[in-house]
Amino acid sequence: MKKAKIFTDIHFEISEVDKRLFGSFLEHMGRAVYEGIYQPESKFADEKGFRTDTLEMVRELGVSVVRYPGGNMVSAYNWEDGVGPKELRPVRLEAAWKNLEDNSFGTNEFMDFCEKTSISPMMAVNLGTRGIDEARNLLEYCNFDSGTYYSDLRIKHGYRKPHNVKLWCLGNEMDGPWQIGHLEAREYGSLAARTAKIMKDIDPTIQLAACGSAGMKLPTFGAWDATVAEECYDFIDYLSVHTYFDNKCKTPDDSRDFLASSLYFERQINSVIAACDYAGAKKKSRKKIGLSVDEWNVVYRPHGKIPPDAIWTKAPHQIEDVYSLEDALVVGSMLITMMNHSDRVKIGCMAQLVNVIAPIMTSDNSAWRQTIFYPFMNCSKYAKGSTLYHVTECDKYDSKSYTDVPIIASSIVHDKENETLTLFVINRDLDEDCELTVDLRQFEGYDIKKHIVLNHNDIKAVNTENAPLNVAERCSENSSLDNMTLTSVLEKHSWNVIILGK
Ligand code: AHR
């Protein structure tokens, strides 16, 4: 058995975990919206056409914000197509994913979804084929009370009260060569700043996220972030970060490498923080820009693959990746990384929510939870309070892409008010359990409430419609407290949540 030790201090707070870190993303793509959350003809549909089984699972997942309507899709989207009487809505070629879009679901239906699930909307505006004018009109439609063209149009469409959308994205992945209307950094930065200015003039209570680079693999990464931050510094609140880890594992060595993906993510986050702070330093600004990791997940490439016979059809099966335990461990380690950066990472949107690279899957007959559902749900439920700095002593390994990978990944969240201490811990070791000890003498009077584990003998195990609970969380008896020293046996390749409280 391996051994590990964690050292922490009750006073060493990083920052409060923003509940928006546990957000998600819903794009008009494949079966995410249609057949995912919305299927009027389904036996599960409610009076408005929402799938009640999905709604229930979304609530259970504990999602705080949802980014909508894209994604790549937003860069050629006309929001006006998706509002008003359904029979008048046009059918369009959705050019980003080659889907047929009948617009039977749009902004107001999305707001209904948010209301039904107690989720805050995060809307993206189209800075690909459109721009400042479209953005200000959509904002007026959503947030202005009444007495203007667009606010009255919303009222005419049956929504008396404004939607009051507080979070907005200024386009999507605009440095990606694949992006419709893709721009150079200065051009985008200037457009984003001008769009942001009028949006904040119209509604000063909103927060804005500009597009950071679409990923560390792009040649524009870093320089793009610094340039965009420089152009928009005074107008934006967040710069976006997008990351997808590609599971190509065939051997245990591949898996060891893949399980270390959060080291790359850590580097990416630190680089984007550095780019923002570089822009801030040049401006001699006191303001700090936060990070909005508004797309992140594990994927099985090729990304967005669509079978040729499904092109220009409505809601085709598109990147419906099936996630294993191994993927859930990487997802858990990404959550841990974001929580440990709670001082700067304020928003996180797992991409996506239903069917398309998603924690929830649906068929005509049921909905089920993928493996990645569990670490997300655990964090959204238990990561309340402030993360604590800590040091971990444990074995390390080298893999194909990384050196010194700690076998333990961890985050500690302390809720002072409710006197709860929660440890999120992964044992990356594929072969051995690990005995973890943590000195908790500063937490006198706390007791173990629960130790939750996600594990399976086979790290390639998945959940399917026929075996929906093959990989599911369970309670463990592997934790004990003696003289305020916590001892937990972490099973090999497992995700663990250890909750202590008074
Ligand atoms: O989530 C799928 C796609 O991945 C999004 O549309 C895009 O922003 C990213 O490249």
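**Ligand site, open sheet and unusual backbone spots**

Let me start at the ligand: an oxygen atom of the ligand lies 2.8 Å from a polar side-chain atom of tyrosine 244. Once bound there, the ligand keeps little of its surface free: of the 280 Å² of accessible area that the ligand has on its own, the protein covers 96%. Please keep in mind that this is a predicted model.

Two other side chains also belong in this part of the talk. Glutamate 173 has an N or O atom in its side chain that is 2.8 Å from an oxygen atom of the ligand. For glutamine 352, the distance between a polar side-chain atom and an oxygen atom of the ligand is 3.1 Å.

Where does the ligand sit? The answer is the largest pocket. Twelve residues surround the ligand, and those that come nearest are Glu27, Asn72, Glu173, Tyr244 and Glu295. Sorted by class, the shell around the ligand consists of five polar, four nonpolar and three charged residues.

Glutamine 352 comes up again when we turn to the backbone. The peptide bond that leads from alanine 351 to glutamine 352 is cis, and its omega is near 0°. As for its place in the chain, glutamine 352 is in the loop that runs between β11, residues 345–351, and β12, residues 360–362.

There is another cis peptide bond to show you, between tyrosine 68 and proline 69, with omega at about 5°. Proline 69 is found in the loop between β3 (65–68) and β4 (92–94).

One more backbone point concerns lysine 98. This residue is not a glycine, yet its phi is positive, at about 60°. Lysine 98 is located in the loop between β4 and β5, the latter being residues 99–101. I single out these spots because most peptide bonds are trans and most residues other than glycine have a negative phi.

Now to the sheet. How many strands form the open sheet? Ten do, with mixed pairing, and the order across the sheet is β21-β20-β24-β18-β17-β14-β1-β19-β23-β22. At the edges stand β21 (474–475) and β22 (479–482); each has a single partner strand, so one side of each has no neighbour in the sheet.

For β21, we can look at the pairing itself. β21 and β20, which spans residues 447–454, pair in the antiparallel sense over two bridges. In one of the bridges, valine 453 has arginine 474 in β21 as its partner.

That is where I will stop.

Key
Residues numbered from 1 in each chain as written. Predicted model: local features only at pLDDT ≥ 70, side-chain atom pairs only at ≥ 80, totals over all residues. Heavy atoms only, no water. Near = heavy atom within 4 Å. Polar contact = N/O pair within 3.5 Å; in protein donor to acceptor, adjacent residues only side chain to side chain. Areas by Shrake-Rupley, 256 points an atom, 1.4 Å probe, with all protein chains shown as cover. 1 Å grid on protein atoms, 1.4 Å probe; cavity = no way out; pocket = protein on both sides within 12 Å on 5 of 7 lines; lining within 4 Å. Sits in = over half its atoms within 2 Å of the grid points. Nonpolar A, V, L, I, M, F, W, Y, C, P; charged D, E, K, R; others polar. Pairing = 2+ DSSP bridges. Helix = DSSP H or I, 4+ residues; strand = E, 2+ residues; numbered from the N terminus.
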